[in-house]
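Here are a few exercises to work through with the viewer open. Try each one yourself before you read its solution.

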Amino acid sequence: MSNLLTISPSPHFKDKPTTKSLMFGVLTALIPTFLVSLYSFGIGALVTTLVSVGSCVLFEWLITKYMLKQQPHIADGSAILTGVLLAFNLPSNISPFIVMFGALIAIGIAKMCFGGLGCNLFNPALVARVFLLISFPVQMTSWPKPIESRLNYLDAVTGATPMAAIKAGDLSICENANFLDMFVGTIGGSLGEVSAIALILGGIYMIARKIITWHIPVSIIATVALFTTLGWLSSEGYVFGRKIEVIANLFESGIHPLYHILGGGLLLGAIFMATDYVTSPMSATGKIIFGVGIGLLTIIIRLWGNYPEGMSFAILLMNAVVPLINKKFQPARFGAPKTK
Amino acid sequence: MKLSTFKIGGVHPSGSKLSADQPIKVMPIPDTVYIPAAQHIGKPADIIVQKGDKVKVGQLIAKSSGFVSANIHSSVSGTVTAVGPVPDPSGIAKMGVTIKVEGDEWMEDIDRSETLDTNVDRFSDKEIIDRVTAAGIVGMGGATFPAHVKFTVPLEKKAEALLINGVECEPYLTADHRVMLEKSEQLMVGVKLIMKAVKTEKAFIGIEANKPDAIEKLTELSHKYAGIKVVPLALKYPQGSEKHLIKAIMNKEVPSGKLPIDVGAVVSNAGTAVAVYEAVMKNKPLIERVVTVTGNSVKNPSNFLARIGTPVRLLIEAAGGLPEDTGKVISGGPMMGKAATNTDFPVAKGTSGVLIMPEELAHRREPEPCIRCGKCVDACPMGLEPYLLSVYSRKKMWDECEEHYIYDCIECGCCVYSCPAARPLLDYMRLGKSTVMGIIRSRKK
């Protein structure tokens, strides 16, 4: 035999997806959302996304190359994805310096400090978002009005998001209910959270391509839907025709459940943020527990907390519980003894 | 109709059954055969011939050396030229017998006629097992567990059903498929014989849905044979694993650490059933088998009926020669087969196929960091956590490996197959599994 043969232990066959193809798969799934945000917020959406992606990639490259003295792995797409997700969690009229600062927090603190790709406990984009929300409360909660301020960037005309309006006690937005706007994405809000249809399309694409499983998004949305429906039905305190004071007090603002699902960052969080591989549980049961936890925390924060939005906090809190979930909810084992 | 399958995990590699339509071709007898003494799980057989001995086809040349061992017979007639090392896929020569071929003279008591003999009632269960033992039959799907051990059901246990494995879930391999199509009647009689040996009235032949012709043919035949039922199964790897075939057909889970018979099942490969027919009805020992020679660059992917001991190189030549771009030669299928260092190794009882992979697919990708995507957890058919076990094993945390049931691993390779970061999960798990098994054994002493 002239040519040498390669040997290695089995298996000798490999499925196609790679880390890179999965990351770019998620990015592909985000394209419809990005297009809607361009339509709604114009220049601001473009600039914010570019600045965010650019600085995430740059910081990752600088940190790996000069601080860790390792070969940077920019091509795997994970820094690009963090950049896009960070931008999608920001208002479009935010200063590029704040965005760059957020990117430094996301990559520098939330990702690289924990050991880089695969080791971070918390979702980097969300850590940055929450950090910015606390540090720059004004800039982070002034939302440009969709469509009309497309050609403006920092000087965009701002307005309230559906969730913020409700929190402020302005229920008129509910009375002029326009679910179609919320569905298509011509409402105020973060870059990537406004269009339900685009986000759902992306989610279906990712499930069809087996990039994510249905467990996390479905359990989050189902939990929120269930509890907001209960709240809505019993908003006057009537349960089966009987008024119960406690319940009447509990759900003061009986808001249509669709508002909760479409009006804020719920879909973006459920489909793209909570399903982040690194920071979500491994087993199917674990994923459902994780999803239900996020759903409950979101509702609790939205209804009884100080913030109009609860999604980011809920996901980060549940991220912290993931190691415990992984320990407790192991996958169903083949041939496990029946009696315990 | 919804096809049944096992529930937990599993993957769907592309079938690539290139040689599915190729009828079995009889390989010419080579000039020299190399017959290894260890072609089965258990103790190697004791060689009973010496250099210079004349042997006939079917003559016993190595005797079973214990309960879990198997007889080995000469596959050719000729002169023993050496008793010593013979080529092995691993590159490390193993003990065996080299025979120079002279003519094709068979032992007189072997019935070489093609006539189908369906008279199962001639034999008692004990006679069947005796003949299977004498013929040196082992599991021909690749696991090579001595068949007579499997068919000897312990007194306190009862076989509810016999499962015949016609799944052939490994991509590329088509040997069982062709055997089921071309030796259907013999297969049915073989199944009847095993049913009698293990004392059960029921047999199920599990075949994956990518072999509709085999399903159709055997289903039609099964009406003639009482108690035998063909069960079409949904495509999923590793359905050919005993435990998963039992789950798919009988919906029973073999408990961890137990054997199929503990849930009343005996599992045997389709090719093995045909060998049982030949051994019992025709008194023919296991001296030849069907081998698939295949690969994307192979000119004529084929199924050959080859004498045991035929160098694989000759089979590859018969399939159009070793392709220019060859990077890897695998004995077996791509999921569980062993990569060979050479093509001189001989066809053994468990050689179900020879897969030739081009250079560009021969190498593993550089491992990347684990992104905790959980695909290995979803893919594991045993419900284990490969990402965790491989880390425990790498860090020599054997107690943790045991607590997370590393001994349940069947080494099917689903975790590595599905890992997007190309991590060497199974390499570490094998290390952990063998270490933990060793620890458990030493504890019992």
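**Exercise 1.** At what angle do helix α6 and helix α17 of chain A pack, and how far apart are their axes?

*Solution.* Keep in mind that this is a predicted model. Start by finding the two helices in chain A: α6 covers residues 124-135 and α17 covers residues 311-328. Next, compare their axes, which make an angle of about 130 degrees and lie 10 Å apart. Now classify the angle: roughly perpendicular stops at 115 degrees and roughly antiparallel needs over 145, so α6(A) and α17(A) are oblique to each other. For the handedness, α6(A) passes α17(A) in a left-handed crossing.

Then list who does the touching. From α6(A) you get A:Leu126, A:Val127, A:Arg129 and A:Val130, while α17(A) brings A:Ser312, A:Phe313, A:Ile315 and A:Leu316. Sorted by class, this contact has 6 nonpolar, 1 polar and 1 charged residues.

**Exercise 2.** Work out the strand order of the open sheet of 6 strands in chain B, and find what packs on the sheet.

*Solution.* Walk across the sheet and you'll read β1-β14-β13-β17-β15-β16, with mixed pairing. The ends of that walk are the edge strands, β1 (24-26) and β16 (338-340), each pairing on one side only. From one strand to the next, the twist averages 30 degrees.

Zoom in on the β16(B) end: its partner is β15 (residues 326-331), antiparallel over 3 bridges. To check the register, look for B:Ser331, which stands opposite B:Lys338.

Finally, add the helix. α3 of chain B (residues 175-182) packs on this sheet and touches β1, β13, β14 and β17 of chain B. Its direction makes about 125 degrees with that of β13(B).

**Exercise 3.** Which strands of chain B does β7 pair with, going by β4 and β8?

*Solution.* Take β4 (residues 54-55) to begin with: 2 bridges join it to β7 (residues 78-86), and the two run antiparallel. Here B:Lys54 stands opposite B:Thr79. Then go to β8 (residues 94-101), which pairs with β7(B) in the antiparallel sense over 8 bridges. A handy register marker is B:Gly84, whose bridge partner in β8(B) is B:Gly96.

**Exercise 4.** How many residues of chain A are in contact with chain B, and what classes do they fall into?

*Solution.* Count each side on its own: 33 residues of chain A are in contact with 50 residues of chain B. Now split the chain A side by class, which gives 17 nonpolar, 12 polar and 4 charged.

Definitions and conventions
Residues numbered from 1 in each chain as written. Chains lettered and ligands numbered in written order. Predicted model: local features only at pLDDT ≥ 70, side-chain atom pairs only at ≥ 80, totals over all residues. Contact = placed C-beta atoms within 7 Å. Nonpolar A, V, L, I, M, F, W, Y, C, P; charged D, E, K, R; others polar. Axes fitted to C-alpha atoms, helices over the stretch in contact; angles between N-to-C directions. Helix = DSSP H or I, 4+ residues; strand = E, 2+ residues; numbered from the N terminus. Parallel < 35°, antiparallel > 145°, perpendicular 65-115°, else oblique. Left-handed = near helix turned anticlockwise from the far one by under 90°. Pairing = 2+ DSSP bridges.
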